[in-house]
Amino acid sequence: MAEVTIEKLASDVGTTVDRLVQQFADAGIPKQTGQMVSEEEKKTLLEHLSKQHGGGSTEPSRLTLKRKETSTLSVSGGAGRNREIQVQVLKQKTYVKRPLVDDAAAAAAEEARLAEEAVKAEEARQAAEKAAAERKIKDEADRKADAERKALEAKKRDEARAQLLRDDPEEAARRQAKEDAKREADRIIAQQDAERLKKLELDAQRQAEEARKLAEENAERWAKEEKAPVEVGDYHLTSNVYAKQAEDEVDARDERGGRRHGKKAPVGKAKKKDDADDKDAFNRANRHKKKKTPTSMQHAFNKPAQPVEREVKIGETITVAELAAKMAVKASEVIKVMMKMGAMATINQVIDQETAAIVCEEMGHKFTLTRENELEETVMADREGEGQLEPRAPVVTVMGHVDHGKTSTLDYIRKAKVAAGEAGGITQHIGAYHVETDRGMVTFLDTPGHAAFTSMRARGAKATDIVILVVAADDGVMPQTKEAIQHAKAAGVPLVVAVNKMDKPDADPDRVRNELSQYGVISEEWGGDTQFVPISAKTGAGIDDLLEAILNQAELLELKAVRQGIARGTVIESRLDKGRGPVASILVQEGTLRQGDTVLCGFEYGRVRAMRDENGQEVKEAGPSIPVEILGLSGVPQAGDEVTVVKDERKAREVALYRQGKFRDVKLARQQKAKLENMFANMTDGDVSELNIVLKADVQGSVEAISESLSRLSTEEVKIRIIGSGVGGITETDATLAAASSAIIIGFNVRADATARKIVEDESLDLRYYSIIYELLDEVRAAMTGMLAPEFKQQIIGLAQVRAVFRSPKFGAIAGCMVTEGVVKRNAPIRVLRDNVVIFEGELESLRRIKDDVSEVRNGFECGIGVKNYNDVREGDQIEVFEVIQVVRTL
């Protein structure tokens, strides 16, 4: 860098020229104003200033802290007075920074450390040499001891042989011959092993030489043809004609070697070699049948070092054999794994998807869960494309509590008395009706309100667009009302509240609004979004307003559906009609259902032979939001199943049969899984009573509702098993099943035929008919109560205080007692208490009043008590008399 002047340097460092000149003079560099300053002079000045301010460090080597503290002291003065004196203390503390060890000291310390490590290493080496020498001495001593031991053993053996030779020369000769024969056999075996090893080496050398010569010949031919082989592992993939011929010559040479050893020549030798095609065929046959190949041409199979992880696809059901085949293991291995998991299985047993996945994961493989419904997807793909969307009628479900007026409201709307035909005045089926209004058509679904019909109401909420919640103005919100609100919210369906029975004097609509607001249903008058319509199903007041509210809500929803496409819908209800066969109530949701269409409905299929509306009138077709009854199905479908029109009846039958088989397999697998999982629990269930029931009802919804209600009645001690259920009358099969399983037969709105009645009479079966679900559940609950194990309770009936003890030669110790509570009976069990602790439990041997034997002694009288098989009664003890009573149990 260039030199600078004194003035320039002073301005750069922020000081005066005179001070800078003085600092240069102190550093031994005389400078004057205007002179130039070099880089070396700058460094000299910097080092001087550094030493001056801390010995070469920019940090101070000494730091002094000063602190001043003021405190007040209380000093006692004369006449009992105290004086306060202020004292000022000056504290000073100096911190000195220790200088760092210079490089020479550090180097000396490092050399000392290295020297110390060298000394330690030398000591370790000497110790190792010493240990090795000691070990060598020890080994030498061990060898000497071993040699001496062997010599001693040989000496003893020779002495024993000499003694044996003196005592029994023949035995000694036999032993010597045996030892000589053994040594000769060992020598022969060793010689044979050496010859075999030498032969193997010669064969390997010969094969290697042949392979080398063949490789050289092939290399020459490949060089001539200007083509090189492609090597992959131990194989040579060649397209050269000469290379193929060389391979054929090796094969032929091997075959000739086989004939020399007496082996049968292959059939290919009989073929002619003149023809080129025959020659290629001959060579190929020999190549596949050759007995031995050179070592360089062989490929050895190496067993995998670790298990192979496979991707296993598992359907809804699978047998043990199929699962083992997919994992490439033996079926016995899969069965072992299942046994370790606590599941007993056979090779042909069907297991469910979950169990198969656990077994697959346990054996170290990955799995993929699949649904084997390709056929079903193919059938659904045959449906036509979507058509044009058109407005459709709203589907309205009427929900509410029992006897709040749901069906009566529909009666007034339809001008038909539907509720008059219902048993007990309650709805037990889903009714589907459509009515025409001035602004269009509306479809109504009437659902039961009883608590047992929860699943039926849930299906109604899923298939609907709008829910009318009927609440009685004089009754308010009830349990089924809350349940209806939950179903509507779960389905995401808007609510319209119909406040019924407004004609009664105690009607209070504000109470209904207040109670419903607690469940999130707030009326429009209170700032909510739910329409509240006061109505009277008896007088018809407010019905028009209710229809208007429904249609306004439908306009907001903008309901649309394809009218001209293939029909699709939902099964609302199904039953078995004795004259018409399976009957299904269907709500068409999309497309147009026509008479003659082929439908696929859950596990059932068939061609629509006839369609009727809710009034029993024949119809030829039904569009969106129209409920109809159809005939022609192969069986009774499940309520809630999806109905789809398909083009091919044969494919529909295949899909239905596939679903049935798959459902049966899944059901069997789940049953088996439950049996296996509860195998040990079932061993302790011998004390559990079971009530077997065969249930038949008129419609599928009633079967579901009754089954759910009965299952909820089961307890830990008494369980209900519905071993058979179905739709339709009670048949011979049902009666036979009940007789075989000791079950009772319940008919809900159905009756038994003549054959079934005869079996019931002959077998003395319990057959009961019901038309109201309340009565059914009450009687089943009473039957279960009778099956409960009796409960016994101990009740204290008397207490006697021992006042004195007498000795009797006949009865032993006799306690003279005073009855302080209740009554003492002779035949009742007793307990002897001492300090309120039970010390004996037994029975009375005698009970006397003065000199007479009595059967009981009441409170306030004295008596003599003899305790059977107990003579340690003392004064002050208490004798407690109790009896065991049976407590009536209820569910």
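The legends below accompany close-up views of a predicted model.

**View 1. Helices α8 and α9 cross at roughly 110°.** Helix α8 spans residues 320–327 and helix α9 spans residues 331–340, and their axes come within 8 Å of each other. Because angles of 65 to 115 degrees count as roughly perpendicular, the crossing at roughly 110° makes α8 roughly perpendicular to α9. The crossing of these two helices is right-handed. On the α8 side the contact is made by Val320, Leu323, Ala324 and Met327, which meet Ala331, Val334, Ile335 and Met338 of α9. Sorted by class, the contact of α8 with α9 consists of eight nonpolar residues, with no polar and no charged residues.

**View 2. Arginine 826 lies in the loop between strands β32 and β33.** The loop that holds arginine 826 follows β32 (812–825) and precedes β33 (829–834). Arginine 826 is partly exposed, with a relative accessibility of 31%. Leaving aside residues up to four places away in sequence, arginine 826 touches Leu844, Glu845, Ser846 and Leu847, and also Asp853, Val854 and Ser855. Within this group, the backbone oxygen of glutamate 845 is reached by the side chain of arginine 826 at 3.4 Å. Aspartate 853, another of the residues touched, is 27 residues away from arginine 826 in sequence, while the C-alpha atoms of the two residues are 9.6 Å apart in space.

**View 3. Serine 625 has a positive phi in a loop between two strands.** Most residues other than glycine have a negative phi. Serine 625, although not a glycine, has a positive phi of about 70°. The loop in which serine 625 is placed runs between β24 (621–622) and β25 (627–633). With a relative accessible area of 2%, serine 625 is buried.

**View 4. Asparagine 869 also is a non-glycine residue with a positive phi.** The phi of asparagine 869 is about 60°, and the residue is found in the loop between β37 (862–867) and β38 (878–887). Asparagine 869 has a relative accessibility of 69% and therefore counts as exposed, whereas serine 625 in the preceding view is buried.

**View 5. Arginine 175 is found in helix α5.** Helix α5 covers residues 169–225 and includes arginine 175, whose relative accessible area of 49% makes the residue partly exposed. Arginine 161 is 14 residues away from arginine 175 in sequence, and the distance between the two residues in space, taken from C-alpha to C-alpha, is 9.3 Å.

Conventions: Residues are numbered from 1 along each chain as its sequence is written. This is a predicted model: local features need pLDDT of at least 70, side-chain atom pairs count only at pLDDT 80 or more; totals for chains, interfaces and linings use all residues. Side-chain values use heavy atoms; hydrogens and water are left out. Helices (H or I, at least four residues) and strands (E, at least two) are DSSP runs, numbered from the N terminus. Buried means under 20% relative accessible area, exposed over 50%, partly exposed in between (1.4 Å probe, protein chains only). Contact means heavy atoms within 4.5 Å. A polar contact is a pair of N or O atoms within 3.5 Å; within protein, one must be able to donate a hydrogen and the other to accept it, and residues adjacent in sequence count only if both atoms are side-chain atoms. Axes are lines fitted to C-alpha atoms, for helices over the stretch in contact, and angles run from 0 to 180 degrees between N-to-C directions. Angles under 35 degrees count as roughly parallel, over 145 as roughly antiparallel, 65 to 115 as roughly perpendicular and the rest as oblique. A crossing is left-handed if the near helix is turned anticlockwise from the far one by less than a right angle, and right-handed if clockwise. Ala, Val, Leu, Ile, Met, Phe, Trp, Tyr, Cys and Pro count as nonpolar, Asp, Glu, Lys and Arg as charged, and the others, Gly among them, as polar.
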